Amino acid sequence: MAESGETLGTVPEHERILQEIESTDTACVGPTLRSVYDDQPNAHKKFMEKLDACIRNHDKEIEKMCNFHHQGFVDAITELLKVRTNAEKLKVQVTDTNQRFQEAGKEVIIQTEDIIRCRIQQRNITTVVEKLQLCLPVLEMYSKLKEQMSAKRYYSALKTMEQLENVYFPRVSQYRFCQLMIENLPKLREDIKEISMSDLKDFLESIRKHSDKIGETAMKQAQQQKTFSVALQKQNNVKFGKNMYINDRVPEERNEIVLKHTFEEEDENEEEVLTVQDLVDFSPVYRCLHIYSVLGDEETFENYYRKQRKKQARLVLQPQSHMHETVDGYRRYFTQIVGFFVVEDHILHVTQGLVTRAYTDELWNMALSKIIAVLRAHSSYCTDPDLVLELKNLIVIFADTLQGYGFPVNRLFDLLFEIRDQYNETLLKKWAAVFRDIFEEDNYSPISIANEEEYKIVISKFPFQDSDLEKSFPKKFPMSQSVPHIYIQVKEFIYASLKFSESLHRSSTEIDDMLRKSTNLLLTRTLNSCLLNLIRKPHIGLTELVQIIINTTHLEQACKYLEDFITNITNISQDTVHTTRLYGLSTFKDARHAAEGEIYTKLNQKIDEFVQLADYDWTMSEPDGRASGYLIDLINFLRSIFQVFTHLPGKVAQTACMSACQHLSTSLMQMLLDSELKQISMGAIQQFNLDVIQCELFASSEPVPGFQGDTLQLAFIDLRQLLDLFMVWDWSTYLADYGQPASKYLRVNPNTALTLLEKMKDTSKKNNIFAQFRKNDRDKQKLIETVMKQLRSLVNSMSQHT
């Protein structure tokens, strides 16, 4: 039962597999058949049985169908056999007809082939014409490109290349010649870049060489424009009664003549005015800029141009080693710089983006710092004021020129103030030499005038007023010839200082302050130094010193006229609060003091020279009965000198006289107390007393007026009391009254008296007076020794007290 049930379950499964085999593609039969083997062990056998049964069924069905269609097949074969005969006949007929047609159509075929060949040729010709019409513009444009390259019209050539690439080449890109042209265009572009860059390099080299000419032309035009403006302003000032420009050397009535002459020069030069375009061909720059712009490499060109120009700027700014020696060196330096920046300014305004205002400002600031450093260094070597003045004028023209092109130049005018100080220093050095020459050539004698004409000549040079000199001739001015010469030179210095202040765009007040300060420097430093050096020179004697003092007095009085002179130039009143005053009073006062001191010194030196001629016989027994010869000569000399002193201020003469008497008294006292002098006789004392009496007589004769009472004689009071003490031999009174205010010998120092007494003591038996004492009065000898002991005791007590 179980086996039969299993069989019943397997049969439907085999039928399903057979249906799948029949209905599916043969490629998918494998998995279906595999399922037969994967089933139970006897399933294969049963499947084969089922397959055989299915095959038998299909064979039966085929047999039935063949039997059903057999008669129709036989009928069809019969019909075919009948048609076969007719087909053979038709074949023969067709073959015959074909041969007839072939024979008849041979000529037509030949003609048709000719027609076809002609049609093909016509079509090819048409195609060729069309292609040639398409290629001809390309070839014409390329030929045009070659012509432009040969004619060096590179910008047009680049435009032609663009047209070829964008318009013409796309139409004929399939042709080989077009590919060759396309491959050649980059090379042509590079050639154009190289050629244009070469032209640019030549241009840069050309403007580097000709920048001085460009700058010279620009500076000349700026100077002409400024001259014209100044002349026009002067004419307006004349019309409105103003004096805006400071130069009292040019009378205002000449302004119209100057202006007319300026207009004439402007008319003559109007046709000759050259611009930077006239001097420089900028086409290489424009061409190169356009070429690089078309090539899309404008930034490379800009960077290269700016880099090369910066290098050229550094070369232009590099000064020559000996530039400071001549004005031409400075002029060449300035013209090259101006030429450089004029070109840059032109490039700035005619091109877009090649240079910018920021770039030119940066370049100018760099150049300005270098220019200022160079000028500051090189101008410091200039020792000629004329060269410094020319340098100033060049800087002003240089600054005005570049200012006209929009470059800031304030720092240059600040530099001019530094150079102005240097200019003043060179002026001071120059005028120091002038003053030295004047002092060397002066005879230090009052100026003699024989008539009114000579008087007017002196007055025209120096402001001196004295009604007595105008009345009768011949006369003498109190000052020497150097005074009017110095006054004139001070005015010339003011003129020279004024020259530097012109064109500095400063107000009259500032110029007035500059002039006064520079004049004060001239007076307080240069002139004062020259005077002091002159006073200290060995060959300047007392007479010359007296004249120098007189000269300084008149120069001091002339300072107010110098202030008026500056006021007339600047039109700035002296009453203005900030107006600087001239320091002539202190300058000449110092010189006078130095001269006075030198007078005292030289007078004392002269006295020493006379004193050195003294030849006393210190052991003489009796005096000569008259003063010594050297002293008589000395007093006569002093009288003549003091006679010259009458032209000096009273106090100066009095001080000199008092100083001379005091120095003479001191010298005589030192002669007595000289340590090398061992013995002095009473006769020598008496002779010395006669000389002192002569000195006292000279002092009482009032050699210089103005002394009150016996003031001058007091210079010899120390000598007088000492000699009286020894002449009278009044030691008891001296010792008794010593230290008392009313003492007769108040000025006698115990040490001095002891020293002189020791020189008179008889120690070698050559002192005659003490020998007489020993013979006649030994008690008096003991008294002298007692006096000496008392004097020593008094000296010792004074030393201990001190």
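In the predicted model, Glu425 counts as partly exposed, because its relative accessibility is 31%, a value between the 20% limit for buried residues and the 50% limit for exposed ones. Glu425 forms a salt bridge with Arg525, and the closest N and O atoms of the two residues are 2.6 Å apart. This pair links distant parts of the chain, since Glu425 belongs to helix α13 whereas Arg525 belongs to helix α16 (residues 508–536), 100 residues apart. Arg525 is likewise partly exposed, with a relative accessible area of 37%.

A further salt bridge involving helix α13 is found between the side chains of Glu418 and Arg376, at an N to O distance of 2.8 Å. Glu418 lies in helix α13 (residues 410–441) and Arg376 in helix α11 (residues 357–379), so this pair ties together parts that are 42 residues apart in sequence. Glu418 is partly exposed at a relative accessible area of 38%, and Arg376 is assigned to the partly exposed class at 41% relative accessibility.

A salt bridge within a single helix is formed by the side chains of Lys187 and Asp191, at 3.3 Å from N to O. Both residues lie in helix α5 (residues 176–240), where they are four residues apart, about one turn of the helix. Lys187 counts as exposed, because its relative accessibility of 52% is over the 50% limit. Asp191, with a relative accessible area of 24%, is partly exposed. In total, the structure holds 24 salt bridges.

Helix α11 also contains Ile371. This residue counts as buried, because its relative accessibility is 0% and the class comprises values under 20%. Apart from neighbours within four places in sequence, Ile371 is in contact with Leu317, Tyr333, Ile337, Trp364, Phe398 and Leu412. The C-alpha atoms of Ile371 and Pro319 are 9.1 Å apart in space, although the two residues are separated by 52 residues in sequence.

Several of the residues in contact with Ile371, including Tyr333, Trp364 and Phe398, reappear in a cluster of aromatic residues. Ring pairs link Tyr333, Phe334, Phe340, Phe341, Trp364, Phe398 and Phe407 into this cluster. Across the structure, 31 aromatic pairs are present. In one of them, the ring centres of Phe340 and Phe341 are 5.1 Å apart and the planes stand at 80°, so the pair is edge-to-face; the class applies to planes over 60 degrees apart. Both members of the pair are buried: Phe340 has a relative accessible area of 3%, and Phe341 has a relative accessibility of 2%.

Aromatic rings also take part in arrangements with charged side chains. The charged end of Lys392 is placed over the ring of Phe500, at 5.9 Å from the ring centre. Lys606 is positioned over the face of Phe637, 5.8 Å from the centre of the ring.

At the level of the whole protein, the secondary structure comprises 27 helices and two strands. Of its 802 residues, 39% count as buried. Among contacts with a separation of 6 or more, 78% join residues 24 or more positions apart. The protein exposes about 45,900 Å², of which carbon and sulfur atoms supply 51%.

The confidence of the prediction varies along the chain. The mean pLDDT of the protein is 81, and 86% of the residues score at least 70. Confidence is highest in helix α22 (residues 682–700), at a mean of 92, and lowest in helix α6 (residues 255–270), at 41. Over residues 1–8 the pLDDT is below 50, and this stretch has two contacts in the model beyond near neighbours in sequence. The pLDDT is also under 50 throughout residues 763–774, for which the model has 21 contacts beyond four places in sequence. Where pLDDT is low, predicted coordinates should not be read in detail.

Terms used:
Residues numbered from 1 in each chain as written. Heavy atoms only, no water. Salt bridge = Lys/Arg side-chain N within 4 Å of Asp/Glu carboxyl O. Buried < 20%, exposed > 50% of the residue type's maximum accessible area, 1.4 Å probe, protein only. Contact = heavy atoms within 4.5 Å. Phe/Tyr/Trp six-rings, centres within 6.5 Å; stacked < 30°, edge-to-face > 60°. Lys NZ or Arg CZ within 6 Å of the ring centre and 35° of its normal. pLDDT = per-residue confidence, 0-100. Areas by Shrake-Rupley, 256 points an atom, 1.4 Å probe, with all protein chains shown as cover.
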